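Here's a quick tour of a metal site and some ring contacts. Have the viewer open and follow along.

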Amino acid sequence: MNAKLRPLVPAFALLVIGLIALGVAWYSVVNAPENAAASSIRERFSLVDQTGKRVTEADFAGRPHLVFFGFTHCPDVCPTTLYELSTIFGELGDDAGKIDVIFISVDPERDTPQSMAEYVSSFGPQFTGLTGTKEEIAAVAKDFKVYYRKVPLEGNDYTIDHTAVVYLFNRRGEFVAPFNAKRPASEAAAELRKLL
Ligand code: NI
């Protein structure tokens, strides 16, 4: 090796190591499932609510809101999560009317506005149920980095595996963090109150 270049070798090696480390760090941030929700979520949708009206994210601007994906035939995760949220809203008292819960269907084939209306009404007036075409739902799920997959059951029936993250948005429609509904309702309610 040229004697003049020799001093540059350690610096070059360091640069390469640095770049690799940066690449690994970036890769893990982008791909780690637990970070999927924490990376920027863009709230953008045009879907039909439980009254049959088309709504977009602009209809929820100015108010903090929670967004959760699921389906009305869900046997466990959805009803449990929505029940936890309704308990937290009970804890909010008068402030409950200042925050929205948006439940977006990942089962557009079965979840009509009517079935969404029946379903969300059992959890409280703050709950909006949104559905749409298969394509519309796929686009929204992609933006929220929500995974869902149809799983066949016996007798022509099916269930749907899906991401169960509750997304918290502030009044400006910016994603804040995944919202933990599995804790004392008073604690969860306090986090929501901070956004008012
Ligand atoms: Ni579910």
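## The nickel site

With a relative accessibility of 7%, C74 falls under the 20% cut-off, so C74 counts as buried. This is a predicted model, by the way. C78 is buried too, at a relative accessible area of 0%.

What do these cysteines do with their sulfurs? The SG atoms of C74 and C78 are protein donors of the nickel ion, along with NE2 of H162. These donors lie 2.1 to 2.2 Å from the nickel ion. Along the chain, the donors follow the pattern C-x3-C-x83-H. Water is not among the atoms, so the site may look incomplete.

## Aromatic pairs

How many aromatic pairs are there? The count comes to 12. Take F45 and F60: their ring centres sit 6.1 Å apart with the planes at 50°, so this pair is tilted. F45 belongs to the loop between α2 (33-36) and β1 (46-48), while F60 belongs to the loop between β2 (54-56) and β3 (65-70), so the pair ties together parts 15 residues apart in sequence. Buried or exposed? Both F45 and F60 are buried.

There's also an aromatic cluster to pull up on screen: F68, F89, F103, Y119, F123 and F127 form it together.

## Arginines over rings

Which ring does R110 lie over? R110 sits over the face of Y158, 3.7 Å from the ring centre. R183 lies over the face of F179, and here the distance to the ring centre is 5.1 Å.

Technical notes: Residues are numbered from 1 along each chain as its sequence is written. This is a predicted model: local features need pLDDT of at least 70, side-chain atom pairs count only at pLDDT 80 or more; totals for chains, interfaces and linings use all residues. Side-chain values use heavy atoms; hydrogens and water are left out. Rings of Phe, Tyr and Trp (its six-membered ring) pair if their centres lie within 6.5 Å; planes under 30 degrees apart count as stacked, over 60 as edge-to-face and the rest as tilted. Helices (H or I, at least four residues) and strands (E, at least two) are DSSP runs, numbered from the N terminus. Buried means under 20% relative accessible area, exposed over 50%, partly exposed in between (1.4 Å probe, protein chains only). A charge sits over a ring if NZ of Lys or CZ of Arg is within 6 Å of the ring centre and within 35 degrees of the ring normal. Donors are N, O and S atoms within 2.8 Å of the metal (3.2 Å for Na, K and Ca); water is not among the atoms, so sites may look incomplete.
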